[in-house]
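Got your viewer open and your selection tool ready? Let's take a walk through this one, stop by stop.

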Amino acid sequence: MSFRRIGLGLAAATMLAGMALPAFAQDSVYVPLFTYRTGPFAGSGTPIADGMHDYLRMLNERDGGIGGVKLVLEECETGYDTKKGVECYESVKGKNPVIVNPWSTGITLPLIPRASVDKIPILSMAYGLSASARGDIFPWVFNPPATYWDGLSMIIKYIGEKEGGLEKLKGKKIGFLHLDAAFGKEPIPLLQELAKDIGFEVALYPVAAQDMQNQGSQWLSARRDRPDYMIMWGWGSMNGAAVKEAVRSGYPMDKFYSVWWPGEDDARSGGAGAKGFKMLNWHAVGTNFPAIQDIQKHVVDKGFSKAQKDKVGELLYNRGIYNSLLIAEGIAQAQKVTGKKAVTGEDVRRGMENIKLDPARLKELGLEGFTDQLVLSCSDHNGHRAAFMQEWDGTKWVKISNPIEPMTDRVKGQLEAAAKDYAEKNAGWPKRTEACDKAS
């Protein structure tokens, strides 16, 4: 397992065979970052890893940490591999981490049952098990600001509006190009249910991990099936290859939509023909925010970042910032509700349930206008926030819609049923024993 020590104030410790892992200093907070800078998913994982690290490192450099306590940051390379991800978790859990970010739906799923036993909150930001939004059933898992089911419903809603109403989708064919893994399969049950309710047809195009850069057969099938719209649930090198193949096959790019994971490099893969490609997003791109300018000043310009300077502010880099914003707020709120500085995982779980990122707080953090408000609670670990549609104009992402609210009326009941079903199928699933703070 490959680790990179990148925190400040980390005491040296010698690991002897058979001995327990050392705990970190009482005047610090340990935050492991599961990342993947190698392999076929590195194109997506690297900028996110850079953004995650740089925001937290900035807090150390500029503010001395959070609430007067330094953050100890340590990366663990997973390669987006579930087995390695679980190994990372087992390697860090003895060091008293306050939160864990799997950065893979496949890694998240086996960690969910471990979280309540180990008292370590899991942050699967806008990925993972959609049903884990139910805080009463999954008190140790957080997946804000929207679930994959929310995201799919937003895309269908947007397409329906373009057609003149959801009922106009009746008789249409919607293709679903997806990574053939837990991540890509997560929204399929809802997609099939919506197809049944609304009356459109679904054509599934799974892409195996080993075939991500060779999607000729999927797009050949798409040319045969002629779907009216194509929705992509891709990651890593799959995204850029899909955009390139769509352009090559002549698929109309104004009918090609994606969930929130493609970055600028993915869109650039299609050249000039990629213009019109659309995807969901919920935060800004660019560096025109005091907090990001502080990252440039205190981290990037001082050589503490692995990011190329021209990548700072791009979509996936800023996605990493958003992820670490949630971590930092969870820690800050934990300090507030407990009165402690060196908080634990149990404390940060409470802190996450008290997150209130309203416009005033975002302005205070130097991120005014970076994203919309997010409020979490004991029962709601997601927020189910709206996203907006953005379009590739040939050189950059351009916001083209107002906020698109999830189709709550169609999603909520199914999501709640899925959460209850998960608990029932996992014999002995622990009920919530942690009390809710009054603010939650």
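Start by selecting Cys378 and Cys436: these two form a disulfide, with their sulfur atoms 1.8 Å apart. You're looking at a predicted model, by the way. A disulfide is a covalent bond between the sulfur atoms of two cysteines. Look along the S-S bond here and you'll find -125 degrees about it, which makes the link of Cys378 and Cys436 left-handed. Cys378 sits in the loop between strand S12 (374-375) and strand S13 (388-392), while Cys436 is in the segment after helix H14 (408-425), so this pair ties together parts that are 58 residues apart in sequence.

Now switch on a surface. Which of the two cysteines is buried? It's Cys378, with a relative accessible area of 6%. Cys436 comes out at 44% relative accessibility and counts as partly exposed.

**Next stop: the other disulfide**

How many disulfides does a search of the whole structure find? The search finds 2. For the other one, select Cys76 and Cys88, whose sulfur atoms are 1.9 Å apart. This link is left-handed, with -85 degrees about the S-S bond. Cys76 belongs to strand S3 (residues 70-77) and Cys88 to helix H2 (residues 82-92), so the bond ties together parts 12 residues apart in sequence.

Bring the surface back for a moment. Cys76 is buried, at a relative accessible area of 1%, and Cys88 is buried too, at 0%. If you number the bonded cysteines of the protein chain in sequence order, the pairing reads 1-2, 3-4.

**Stay on H2 and find its neighbour**

Two packed helices are described by the angle between their axes and the distance between the axes. Keep H2 selected and add helix H3 (residues 105-118): they pack at an angle of about 25 degrees, their axes 8 Å apart. Are they roughly parallel or roughly antiparallel? That angle makes H2 roughly parallel to H3, because anything under 35 degrees counts that way. The crossing of H2 past H3 is right-handed.

Show side chains to see who is touching whom. From H2, pick Thr82, Gly85, Val86, Tyr89 and Glu90; from H3, pick Gly106, Ile107, Pro110, Leu111, Arg114, Ala115 and Asp118. Colour them by class and you get 6 nonpolar, 3 polar and 3 charged residues in this contact.

**The loop between H2 and H3**

Follow the chain from one helix towards the other and select Asn96, which is in the loop between H2 and H3. Its phi is positive, about 60 degrees, although Asn96 is not a glycine. Then click on Trp103, which lies in the loop between H2 and H3 as well. Trp103 also has a positive phi, near 55 degrees, and is a residue other than glycine. Is Trp103 buried or exposed? Buried, with a relative accessible area of 4%.

**On to Leu123 and its contacts**

Select Leu123, which you'll find in strand S4 (residues 122-123). At 0% relative accessibility, Leu123 counts as buried. What does Leu123 touch, leaving out residues up to four places away in sequence? The residues to highlight are Ile99, Val100, Asn101, Pro102, Phe142, Pro144, Asn323, Leu326, Ile327 and Met352.

Try your distance tool here too: the C-alpha atoms of Leu123 and Met232 are separated by 24 Å, and these residues are 109 apart along the chain.

**A cis peptide bond**

One of the residues that Leu123 touches, Pro144, is your next click. A cis peptide bond joins Pro144 and Pro145, with omega at about 5 degrees. Pro145 is in the loop between strand S5 (141-142) and helix H4 (148-163).

**Last stop: H7 and H8**

Finish with helix H7 (residues 216-225) and helix H8 (residues 237-249), which pack at an angle of about 40 degrees with their axes 10 Å apart. That angle makes H7 oblique to H8. The crossing of H7 and H8 is right-handed. For the contact, select Gly216, Trp219 and Arg223 in H7, then Ala242, Glu245, Ala246 and Ser249 in H8. By class, that gives 3 nonpolar, 2 polar and 2 charged residues.

Notes: Residues numbered from 1 in each chain as written. Predicted model: local features only at pLDDT ≥ 70, side-chain atom pairs only at ≥ 80, totals over all residues. Heavy atoms only, no water. Disulfide = S-S within 2.5 Å. Helix = DSSP H or I, 4+ residues; strand = E, 2+ residues; numbered from the N terminus. Buried < 20%, exposed > 50% of the residue type's maximum accessible area, 1.4 Å probe, protein only. Axes fitted to C-alpha atoms, helices over the stretch in contact; angles between N-to-C directions. Parallel < 35°, antiparallel > 145°, perpendicular 65-115°, else oblique. Left-handed = near helix turned anticlockwise from the far one by under 90°. Contact = heavy atoms within 4.5 Å. Nonpolar A, V, L, I, M, F, W, Y, C, P; charged D, E, K, R; others polar.
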